[in-house]
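The following note is offered to a colleague who is meeting this structure for the first time. Please read it beside the sequence and the model.

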Amino acid sequence: MVNVSGHTAPRATSTGDLLQILRDRVPRTKAEIAALTGLSRSTVSARVDALLARGLVEPAGEATSSGGRPPSRIAFAPASRLVIGIDIGATHGIVAVADLAGSILAESSSRLHVTDGPEPVLEWATTEALTLLRSIDRDVADLLGVGVGLPGPVEHSTGLPVNPPIMPGWDRFDVPGFVRSRIPVAVLVDNDVNILALGEHAMSWPDSDELIFVKVATGIGAGIIMGGKLQRGARGSAGDLGHLRLPHAEAQGSPDLEDVAGGPAIAAKLGGTTSSDVIDAVRARDGQAFEAVRQAGRDVGEVLAGVVNLLNPSVIVVGGSIARAGEHLIAGVREVVYRRSIPLATQDLAIVTSRGGESAGVLGAAIMVINSVLAPENFDAALQLPTPSERSER
């Protein structure tokens with residue numbers, strides 16, 4: 001089970017707060033919830049009944065009796081609703097259906113090109129999502145929402161891509177509106193590195209509240225988790241490592257990090273054009289490719305050393321297609337970060353390769369939706385969901 005919520009539950013002052021406590025999936029009696037929250041028994045009973053009516057919690061057996069009838073326990077019901085995660089990369093698309101505990105129930109992937117434009121790419125993704133729902137005998141009435149990750153800058157408050165460099169035709173395209181026209185539920189959109197950070201954090205590092213996920217692929221970016229929460233910045237552009245300058249680099253014009261350490265830049269040094277060419281060269285045990293990838297790691301490390309000094313993360317996770325080429329990239333990152341960052345910041349710092357695999361992105365997209373829709377401040381809308389009996393009548 002992954003840690004979806006990523007934080008300690010607050011004291012319950014509302015029905016939404018109470019659900020946050022129950023999302024740890026520990027069965028509790030109403031009396032135990034009252035003792036934990038300080039709420040009256042009648043208030044707890046009314047709020048639990050509202051959650052039971054919506055199917056978000058369920059009976060979970062009986063507690064030991066201290067005399068008389070044993071009290072009933074209730075627990076979070078993660079299978080009661082579903083979410084869809086969509087991860088769109090430069091040359092791939094992955095769609096998954098997950099329950100409210102972040103367990104992936106069905107998944108599909110395809111090679112595609114984001115340069116084909118938003119309509120065909122999102123048409124594929126939404127069609128695939130509906131097909132996956134049918135494959136597990138569920139339908140749109142079971143959905144809480146859809147999360148979408150895109151390989152470019154996204155204004156998170158609107159879900160609109162903004163001047164994405166590798167996504168011609170996507171600038172200011174209404175991604176949430178397009179998806180909602182096919183799947184009429186809440187739709188959240190973010191850049192792919194942020195959803196990868198959420199997925200990696202939940203799957204592999206749930207106890208690390210300060211984590212930075214770095215993706216090195218066609219582009220370079222970072223997802224920043226501080227205090228257990230994803231940090232997007234004022235408009236959603238936090239973590240854009242690829243456009244930080246490397247003034248010491250030999251290439252003319254003081255290039256951006258992406259210009260010297262992104263997949264196409266490495267490939268060009270080896271006579272290729274794409275990240276796949278780099279991976280093929282490394283797997284063919286090309287010594288020149290080994291050194292080119294390690295140097296890219298050093299360049300990434302030059303930027304990350306400053307990030308480590310500034311933010312003091314406990315974990316840096318390095319992922320993306322270039323990271324999958326072997327240990328050469330991360331070796332270069334470690335070489336520079338441990339040398340250039342202050343000793344206190346690196347004393348317990350782990351720099352590791354991504355463990356999440358291809359599912360980390362769609363899981364992160366799903367978690368983004370779960371945490372948003374079930375957040376106490378948004379929970380009134382969730383209470384308007386149809387009850388299980390109402391859904392069965394449709």
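The points below treat the basis of the model, its overall form and its nonpolar cores.

1. This is a predicted model, in which local features need pLDDT of at least 70 and side-chain atom pairs count only at pLDDT 80 or more, while totals for chains, interfaces and linings use all residues. Residues are numbered from 1 along each chain as its sequence is written, and side-chain values use heavy atoms, without hydrogens or water.

2. The chain holds 15 helices and 15 strands (DSSP runs of H or I with at least four residues, and of E with at least two, numbered from the N terminus).

3. The radius of gyration of the chain is 23 Å, which agrees with the value near 21 Å for a compact globule of 394 residues (taken over C-alpha atoms; the rule is 2.2 Å times the number of residues to the power 0.38). Along the principal axes, the C-alpha atoms fill a box of roughly 80 × 50 × 35 Å.

4. Of the 394 residues, 53% count as buried (under 20% relative accessible area, with a 1.4 Å probe and protein chains only).

5. The largest nonpolar core has 39 residues, of which Val214, Leu241, Val300 and Leu304 touch the most other members (such a core is a set of buried Ala, Val, Leu, Ile, Met, Phe, Trp, Tyr and Cys residues joined through side-chain atoms within 4.5 Å). Helix H10 (287-311) is among the elements that each supply at least two residues of this core, and H10 gives the most, with nine.

6. Apart from this core lies another, of 30 residues, including Ile88, Ala106, Val148 and Phe173.

Methods. Buried < 20%, exposed > 50% of the residue type's maximum accessible area, 1.4 Å probe, protein only.
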